[in-house]
Amino acid sequence: MNALDSAKVSHLSLIRTDLGMDCFVQVRKKDLERLSTEVMQLREFLPKLINGDLMEVLTKARSLDTQKKEKEKEQLRQECLHLRSRLQMALSECQREKEVKLVLREQLWECREQLQQQAEFCTGLGAAACTVLWSASRREEAVRDMLADGKLEPFLTLAGQTLESFVKSLEEEETPQQQNYNSHEHQFVLALTGIITNIAAVTCGRDFISGSAHILLDTLMELLALMKQGVFPKLKVLMLMALYNVSISVKGLSYISESPTLLSLICTLLEDRDSEVCLQTLRLLQSLLVESDVLERLRPQLKQSLPLGRVRQLASSRHPALSRTARETLEDLVPLVGDEKDQ
């Protein structure tokens, strides 16, 4: 190395950089010293500048952050107080509603008890009144007075609606073993039906029913079809007696016989276990066999559906009236439908 090269090297420093491989950059010593001086100056003055301005900025930032947090905290506290106030109001309102509900519940129980007492009273009064009217309606003069007053038609309408409501509730709510036929309700309905039966037993009464109470007749046949075996047989008997009394009238017999369900109803009722029900059913059947026009119209249905075997069983019954009526019915039926034992 010559002197010139040595002088150059004395004014240069070698800096090693790592760029993925070893290499060197040549920097003048003067530039390196200047850079070092600037770095030292920055190290000396920068903290002073930064400490003053930065601390002021940091202080202001902290102050703003604290104020913001305090503001948010105050806002949240106000919201919390508002929600707490609403909660207290809601709890107070809920408590008032509970107290009102308890008062209303007590009033409801009192009203139910009063309503039950009134219903029992009205049922008892109705049963007593209808029983008295049932007894009075046995007199022909009483039925004529009813017709003269013009109150018979609304009475029969109301009676039919009452029977329908009672029978449907009877089928839905009770079994035959649980029924108390001595209750006021049962006595009321029984007396009501008895009145209808007695009205139909008088000529003017059955003529009125035959011409102006077709809905009642339809209701009686419909309810008889709904009632199961063993359910209130006394009521069935009275309803059948009412239909039989109406059938004495030619107009009444004509209307009843036109019912498409009449013969099937008779067949069903003949299977009933109660002797009186079977007896009244046979009497109604006998009415159908009296009128020649009705008989000719019903002959095909009688031959097809009437259970002669069951009528023969009833003819052997120990019930005198039932066995006698069954034998009389057989005498009328056999010539008409033949002697087929298993019809």
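Modeller: Helices here are DSSP runs of at least four residues, numbered from the N terminus. The model is a predicted one.

Biologist: How many helices and strands does the secondary structure of the protein contain?

Modeller: The protein has 14 helices and two strands. Of its 343 residues, 32% are buried. Its accessible surface is about 22,500 Å², and carbon and sulfur atoms account for 56% of that area.

Biologist: What share of the contacts between residues at least 6 apart in sequence join residues at least 24 apart?

Modeller: For the protein, that share is 69%.

Biologist: I should next like to understand how a pocket is read. Why is a probe rolled over the atoms?

Modeller: A probe the size of a water molecule, rolled over the atoms, shows where empty space is left. In this structure, the largest pocket holds about 180 Å³ of space. Helices α4 (152–173), α6 (203–212) and α7 (214–226) each give two or more residues to its lining.

Biologist: Which element gives the largest share of that lining, and which residues lie nearest the centre of the pocket?

Modeller: The largest share, six residues, comes from α4. There are 13 lining residues, and those nearest the centre are Leu 156, Thr 157, Gly 160, Ile 215 and Leu 216. By character, the lining comprises five nonpolar, six polar and two charged residues.

Biologist: Where does Thr 219 lie, and is Thr 219 buried or exposed?

Modeller: Thr 219 is part of helix α7. A residue counts as buried when its relative accessible area is under 20%. Thr 219 has 9% relative accessibility, and therefore counts as buried.

Biologist: Which residues does Thr 219 touch, leaving aside those up to four places away in sequence?

Modeller: Thr 219 touches Gly 160 and Glu 164. Gly 160 is also among the residues nearest the centre of the largest pocket.

Biologist: Let us turn to another helix. Which residues of helix α13 are buried?

Modeller: In α13, which spans residues 308–315, the buried residues are Leu 308, Arg 310, Val 311, Leu 314 and Ala 315. They lie on the same side of α13, because the arc they cover around the axis is only 160°.

Biologist: Finally, a point about the backbone. What is the phi of Phe 232, and where does Phe 232 lie?

Modeller: Phe 232 has a positive phi, about 50°, although it is not a glycine. Phe 232 is located in the loop between α7 and α8 (233–247).

Biologist: Is Phe 232 buried or exposed?

Modeller: Phe 232 is buried, its relative accessible area being 2%.

Definitions and conventions: Residues numbered from 1 in each chain as written. Predicted model: local features only at pLDDT ≥ 70, side-chain atom pairs only at ≥ 80, totals over all residues. Heavy atoms only, no water. Buried < 20%, exposed > 50% of the residue type's maximum accessible area, 1.4 Å probe, protein only. Contact = heavy atoms within 4.5 Å. Areas by Shrake-Rupley, 256 points an atom, 1.4 Å probe, with all protein chains shown as cover. 1 Å grid on protein atoms, 1.4 Å probe; cavity = no way out; pocket = protein on both sides within 12 Å on 5 of 7 lines; lining within 4 Å. Points joined across faces, edges and corners; volume = space filled by probe spheres on them. Nonpolar A, V, L, I, M, F, W, Y, C, P; charged D, E, K, R; others polar. Arc of directions from axis to C-beta.
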